[in-house]
Amino acid sequence: MPVFYGTEIASRMMLGTAQYPSPAILANAFRRSGAGVATVSVRREAGGERAGQDFWALIKQLKVAVLPNTAGCHSVREAVTTAHMARELFDTPWIKLEVIGHTDSLQPDPFGLVEAARILCEDGFQVFPYCTEDLILCERLLNAGCKVLMPWGAPIGTGLGLNNIYGLRSLRANYPDVPLVIDAGLGLPSQAAQAMEMGFDAVLLNTAVAKAGDPVVMAEAFARAVEAGAMARKADPMEPRDMAAPSTPILGKPLL
Amino acid sequence: MKIKVNGKTVETQGGTLAALLDELGFSGKKIATAVNEEFVPATKRETHQLADGDRVEIVAPRQGG
């Protein structure tokens with residue numbers, strides 16, 4: 001099972017908490033999936049409002065590790081301040097660091113991401129950077145102090161799956177000992193299984209579950225796919241080949 | 001004096017960030033704060049004096065992906 005900054009998580013599935021039809025469905029999706037990590041955010045709250053307090057009570061009941069994010073931050077300063085607020089609010093050094101560079105694709109700003117990661121790592125944060133599969137960016141993030149990388153499969157909320165198989169495979173091969181989490185872009189359980197078969201340590205998803213017609217069933221479907229993919233990886237799959245090779249023995253075939 | 005709280009202008013007597021939070025009904029709630037884009041930890045709210053034109057952000061846990 002994946003180990004993030006010394007903490008072993010009981011599941012390879014990490015689940016977001018946004019966009020569910022109701023709090024009860026959110027809670028059931030977590031229970032059915034067995035997800036070990038929940039991503040959360042910090043947002044403005046008014047004095048008389050209870051939304052944040054009620055949400056927190058719900059999350060505490062799930063008994064999962066909490067990974068706050070800096071979603072929506074476009075600058076280093078914004079991301080760093082948000083991370084500080086999240087650390088105090090959730091009482092965890094973990095932070096899913098998002099520094100967004102492009103509005104339509106929500107593609108990370110690699111330059112801002114590395115700078116923010118360095119500032120936060122030096123300040124004792126345990127940073128989970130939402131990044132692309134770019135090898136040099138990932139190297140810079142590791143040099144900045146990150147001990148986990150979270151490359152996207154595809155842009156957030158698209159459900160397109162693993163868009164750059166070659167790049168992701170290269171990343172896995174280059175950093176065999178760094179925990180790698182496919183974060184964002186997954187739409188189907190088969191894509192999660194594929195990520196596991198490729199040797200990724202975990203997947204983080206939200207929209208694919210929350211926006212499914214039946215989020216609870218979809219959460220379990222993803223959990224099973226993740227488990228199947230991880231088992232397949234461990235079982236050492238056969239090498240693909242171009243020419244056919246008969247599986248039934250030729251020897252003993254009757255001459256007819 | 002006038003300050004901005006979560007983007008809205010608020011008229012207040014002044015004083016500390018802790019006093020403002022109390023005045024606005026945040027006592028005992030799970031929140032975090034920033035003033036003028038800088039994080040202000042809970043331990044500093046009692047001593048953090050607000051000034052006219054300050055921009056205060058008050059956040060709570062929320063759903064996220």
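The exercises below work through the contact between two chains and then through several local sites of a predicted model.

Residues are numbered from 1 along each chain as its sequence is written, and chains are lettered from A and ligands numbered from 1 in the order in which they are written. Because the model is predicted, local features need pLDDT of at least 70 and side-chain atom pairs count only at pLDDT 80 or more, while totals for chains, interfaces and linings use all residues; side-chain values use heavy atoms, with hydrogens and water left out.

**Exercise 1. Describe the extent of the contact between chain A and chain B, and state which residues of chain A lose the most area to chain B.**

Step 1. Taking contact as heavy atoms within 4.5 Å, we find 30 residues from chain A and 27 residues from chain B taking part.

Step 2. The size of an interface is often given as the accessible area lost when the parts come together. Buried area here is the accessible area (1.4 Å probe) that two parts lose on being put together, summed over both, and between chain A and chain B it is about 2500 Å², with carbon and sulfur atoms giving 53%. On the side of chain A, the most area is lost by Arg44(A), Glu88(A) and Leu89(A), which together account for 27% of what that side buries.

**Exercise 2. Determine how many salt bridges and polar contacts join the chains, and which elements of chain A contribute.**

Step 1. A salt bridge is a side-chain nitrogen of Lys or Arg within 4 Å of a carboxyl oxygen of Asp or Glu, and six of these are counted between chain A and chain B. One salt bridge is that of Arg62(B) with Glu49(A), whose closest N and O atoms are 2.9 Å apart.

Step 2. A polar contact is a pair of N or O atoms within 3.5 Å; within protein, one must be able to donate a hydrogen and the other to accept it, and residues adjacent in sequence count only if both atoms are side-chain atoms. Between the two chains, 26 residue pairs are in polar contact, both residues being at pLDDT 80 or more.

Step 3. Helices (H or I, at least four residues) and strands (E, at least two) are DSSP runs, numbered from the N terminus. Strand E4 (37-44), helix H2 (51-62) and helix H3 (76-90) of chain A are the elements giving two or more residues to the side that touches chain B, and H3(A) gives the most, with seven residues.

**Exercise 3. Work out how E4(A) meets chain B, and where Val42(A) fits in.**

Step 1. Two strands pair if DSSP finds at least two bridges between them. E4(A) pairs with strand E5 (residues 55-63) of chain B in the antiparallel sense over five bridges, and Val40(A) stands opposite Gln63(B) in this pairing with E5(B).

Step 2. Val42(A) is placed in strand E4 of chain A and is buried, its relative accessible area being 5%, where buried means under 20% relative accessible area, exposed over 50% and partly exposed in between (1.4 Å probe, protein chains only).

Step 3. Leaving aside neighbours within four places in sequence, the contacts of Val42(A) are Thr82(A), Ala86(A), Leu89(A), Phe90(A), Val59(B) and Ala60(B).

**Exercise 4. Trace the pairings of strand E1 of chain B and say which of its side chains are buried.**

Step 1. In strand E1 (residues 2-5) of chain B the side chains alternate, so that Ile3(B) and Val5(B) point to one face and are buried, whereas Lys2(B) and Lys4(B) point to the other and are not.

Step 2. E1(B) runs antiparallel to strand E2 (residues 8-11) of chain B, joined by four bridges, and Lys4(B) has Thr9(B) as its bridge partner. These strands form a hairpin with two residues between them, and in the turn Asn6(B) has a positive phi of about 50 degrees.

Step 3. E1(B) also runs parallel to E5(B), joined by two bridges, with Val56(B) as the bridge partner of Val5(B).

**Exercise 5. Locate Asp183(A) and Ser11(A), and decide whether each is buried or exposed.**

Step 1. Asp183(A) lies in strand E9 of chain A and counts as buried at 3% relative accessibility. Beyond four places in sequence, its contacts include Lys96(A), Tyr130(A) and Trp152(A).

Step 2. Ser11(A) is in the loop between strand E2 (7-8) and strand E3 (13-16) of chain A, and at 10% relative accessibility Ser11(A) also counts as buried. A polar atom of the Ser11(A) side chain lies 2.9 Å from the backbone nitrogen of Met13(A).
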